[in-house]
Amino acid sequence: MGGPSSEREVSLSSGRECAIALRGEGFDVIEVDAGQDLPEQLRASAPDVVFNALHGRWGEDGCVQGLLEWLRLPYTHSGVLASALAMDKQRSKEAYRAAGLPVVESRLASKAEVSARHVIAPPYVVKPNNEGSSVGIHIVHEAANAPPQLGAEMPEIVMVETYAPGRELTTTVMGDRALTVTDILTDGWYDYHAKYAQGGSRHVVPADLPAEVFEACLDFALRAHDALGCRGVSRTDFRWDDSRGLDGLILLETNTQPGMTPTSLAPEQAAQCGISFGQLCRWLVEDASCDR
């Protein structure tokens, strides 16, 4: 838990909640704040299983997964390749396209180029290519005269994608099962504050959607999970323009380490399906392995 990414605080919260739940399930749990001494910490504690509650870079992008493979410590969630692929938004889009899944047009560009001119026609979204939790999102509206001025917190290469209007939907996959669909209601963009601040968003689960759109979310999420090679639990996010019916459903990205507090989206969906938070955490531990 924890770690050095921009999502450190969220990961600490996930880790604390998972540790409580796992102790409630009868496991002996050691909480490790992942720092540069992580290999030494893991060797000293010699766990039977590593429950990965890290979010963002280093913990979600294949780096810590590679370390755990090297140490031959069984771990939860996705393996090295799936983690790296899902974290790279542009490459994951290529995998979605190859699987016949609906995505918007996008391209990588330098921060200098994006700040100098519109690299695609507005409206569009600019985001880091390898961060999660809506970190560093810039929306350029249709009427924007000037391109966005990107701050120092943005990486040198960013992804620019066509803006997909509509409702924010998400579906969790647990093993080989897509659980349900959540409709995320906010007053504006579903940004970092809306995700994690008290009252920042409201979740309608199961989402009140036409049956074909609901079923498509389940189908697309499971196909995205498989196309990337994910294991354990993943969560795939969508935008749905309800004025266009099924054609308005767009796949945004897949999270291989979704938030893991009892009120986070994935555990909330599991609860809707009759799976308690403790049961979900236990299932992840029992699913853990090397060579993922």
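Student: In which loop is Arg-72 found?

Tutor: Arg-72 is in the loop between helix 3 and helix 4 (80-87). Helices here are DSSP runs of H or I with at least four residues, strands are runs of E with at least two, and both are numbered from the N terminus. This is a predicted model, where local features need pLDDT of at least 70 and side-chain atom pairs count only at pLDDT 80 or more, while totals for chains, interfaces and linings use all residues. Residues are numbered from 1 along each chain as its sequence is written, and side-chain values use heavy atoms, with hydrogens and water left out.

Student: Why is Arg-72 called partly exposed?

Tutor: Its relative accessible area is 44%. Buried means under 20%, exposed means over 50%, and partly exposed is in between (1.4 Å probe, protein chains only). Arg-72 falls in between, so partly exposed is the right word. Its phi is near 55°, a positive value in a residue other than glycine.

Student: What makes Ala-46 exposed?

Tutor: Ala-46 has a relative accessible area of 52%. That is over 50%, so Ala-46 counts as exposed. Ala-46 lies in the loop between helix 2 (38-45) and helix 3 (63-71). Its phi is also positive, near 45°.

Student: And why does Ser-115 count as buried?

Tutor: Ser-115 has 17% relative accessibility. That is under 20%, therefore buried. Ser-115 sits in helix 6. Leaving aside neighbours within four places in sequence, Ser-115 is in contact (heavy atoms within 4.5 Å) with Pro-147, Pro-148, Gln-149 and Leu-150.

Student: How do you know that strand 2 pairs with strand 3?

Tutor: Two strands pair if DSSP finds at least two bridges between them. Strand 2 and strand 3 (residues 138-140) have three, in the antiparallel sense. Tyr-124 has Val-140 as its bridge partner there. Strand 2 also pairs with strand 4 (residues 157-162), antiparallel over five bridges. In that pairing, Pro-128 stands opposite Val-158.

Student: What makes strand 2 mostly covered?

Tutor: Five of its five residues are buried. Tyr-124, Val-126 and Pro-128 lie on one side, Val-125 and Lys-127 on the other.

Student: What makes the peptide bond from Pro-122 to Pro-123 cis?

Tutor: Its omega is near 0°. Pro-123 lies in the loop between helix 6 (111-116) and strand 2 (124-128). Val-205 and Pro-206 are also joined by a cis bond, with omega about 0°.

Student: What makes a set of residues a nonpolar core?

Tutor: Its members are buried Ala, Val, Leu, Ile, Met, Phe, Trp, Tyr and Cys residues, joined through side-chain atoms within 4.5 Å. The largest one has 25 residues. Leu-169, Val-181, Leu-209, Phe-238, Leu-249 and Leu-251 touch the most other members. Helix 8 gives the largest share, nine residues. Another core, of 17 residues, lies apart and includes Phe-51 and Met-260.

Student: How do you know that the charged end of Arg-57 sits over the ring of Trp-58?

Tutor: The test asks for NZ of Lys or CZ of Arg within 6 Å of the ring centre and within 35 degrees of the ring normal. The charged end of Arg-57 is 4.7 Å from the centre of the Trp-58 ring. That distance is within 6 Å, so the distance part is met.

Student: How many aromatic pairs does a search of the whole structure find?

Tutor: Zero. A pair needs the centres of Phe, Tyr or Trp rings (the six-membered ring of Trp) within 6.5 Å; planes under 30 degrees apart are stacked, over 60 edge-to-face, the rest tilted.
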